[in-house]
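Colleague: Could you take a close look at one strand in this model for me, and then tell me how it fits with everything around it? Keep it informal, but give me the cut-offs.

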Amino acid sequence: MERVELLLPAGDKESLRAAVANGADAVYLGTESFNARRFAPNFSLGSLPGVVDFCHRNKVRVFVTANILVKNRELEMFFKLVSGIGRAKADAIIIQDPCLIPLVKECAPKLEIHLSTQATTTNKYAVPEGADRVIAPRELNLEQLSAMAKVVPVEMFVHGALCLSYSGQCLFSSIAGGRSGNRGRCAQPCRYKYNGEYPLSTRDLCLLEKLPDIIKTGVVALKVE
């Protein structure tokens, strides 16, 4: 069996260096636009070639997040970002809308396309043509993961925040405060205290003890948030 990839987050330069130094096989990071962590420090598009070069010299792959829903008026700007990610020689781009796959391939043909967990690809029949990897929603069980892993390379979250709804599809933040999770601005109101209690909080995901069972499903990557 091939070694399962360890994928770590890199929200800024410090966490990038920590991930590389601590054995990451790959890192995922965002630029200043179109990513689901809009309030993280992130990286500028201009700094991306240097970031990729640093990671590749250390034998670490780089996946760039462009994983929010894109509006019609933003398409030109979005594909400029895609082109820039391709020119920086990143290894993959993470997107949410599967309809963009053919255009992304045309714009940056050397980039792998990873479909975000926010695409809610919950079964093997929902895997779109052209996706090089699917990031599984956190709510899938082992049997469902195994079935999907037979169809497409699957990446699985093993640590991090759990969403109140299907991954990325909750509208609570958008309705309550005008900050949409599908636009990278979730305020996580489900984690707030109401009437002295936390009635909606799902706490955090920690699957360390389940790693042997998860690996047996055939997933190709273990993702830490």
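Modeller: Let me start with a spot away from your strand: T120 counts as partly exposed because its relative accessible area is 22%, where partly exposed is the range between buried (under 20%) and exposed (over 50%), with a 1.4 Å probe and protein chains only. Those areas come from the Shrake-Rupley method, and only the protein chains shown count as cover. T120 is in the loop between β5 and β6 (133-135), and its phi is positive, about 55°, although it is not a glycine. Most residues other than glycine have a negative phi.

A word on ground rules. This is a predicted model, so local features need pLDDT of at least 70 and side-chain atom pairs count only at pLDDT 80 or more, while totals for chains, interfaces and linings use all residues. Residues are numbered from 1 along each chain as its sequence is written, and side-chain values use heavy atoms, with hydrogens and water left out.

Now the strand itself, β2, residues 26-30. Helices (H or I, at least four residues) and strands (E, at least two) are DSSP runs, numbered from the N terminus. β2 is mostly covered, with five of its five residues buried. In a regular strand the side chains alternate between the two faces of the sheet. Here one side of β2 carries A26, Y28 and G30, the other V27 and L29, and both faces are covered.

What does β2 pair with? It pairs in the parallel sense with β1 (residues 5-9), over three bridges, and in the parallel sense with β3 (residues 61-66), over five bridges; two strands pair if DSSP finds at least two bridges between them. On the β1 side, Y28 stands opposite P9. On the β3 side, G30 has T65 as its bridge partner. β1, helix α1 (residues 13-21) and β2 also make a right-handed β-α-β unit, right-handed meaning that, with the strands pointing away from the viewer, the path from the first strand over the helix to the second runs clockwise.

Follow the chain into the loop between β2 and α2 and you find T31, which is buried, with a relative accessible area of 0%. Leaving out residues up to four places away in sequence, T31 touches N42, F43, L48, V64 and L81, contact meaning heavy atoms within 4.5 Å. K59, in the loop between α2 (48-57) and β3, is exposed, with a relative accessible area of 77%. K59 is not a glycine, yet its phi is positive, about 60°.

Another buried residue is H114, with a relative accessible area of 0%, in strand β5 (residues 112-115). Beyond its neighbours within four places in sequence, the contacts of H114 include F63, I94, R133 and E155. Its side chain also makes a polar contact of 2.8 Å with that of E112; that means a pair of N or O atoms within 3.5 Å, where within protein one must be able to donate a hydrogen and the other to accept it, and residues adjacent in sequence count only if both atoms are side-chain atoms.

Zooming out, the protein has seven helices and nine strands. Its radius of gyration is 17 Å, close to the 17 Å that the globule rule gives for 225 residues, so it is as compact as a globular protein of that length; the radius is taken over C-alpha atoms, and the rule is 2.2 Å times the number of residues to the power 0.38. Of those 225 residues, 45% count as buried.
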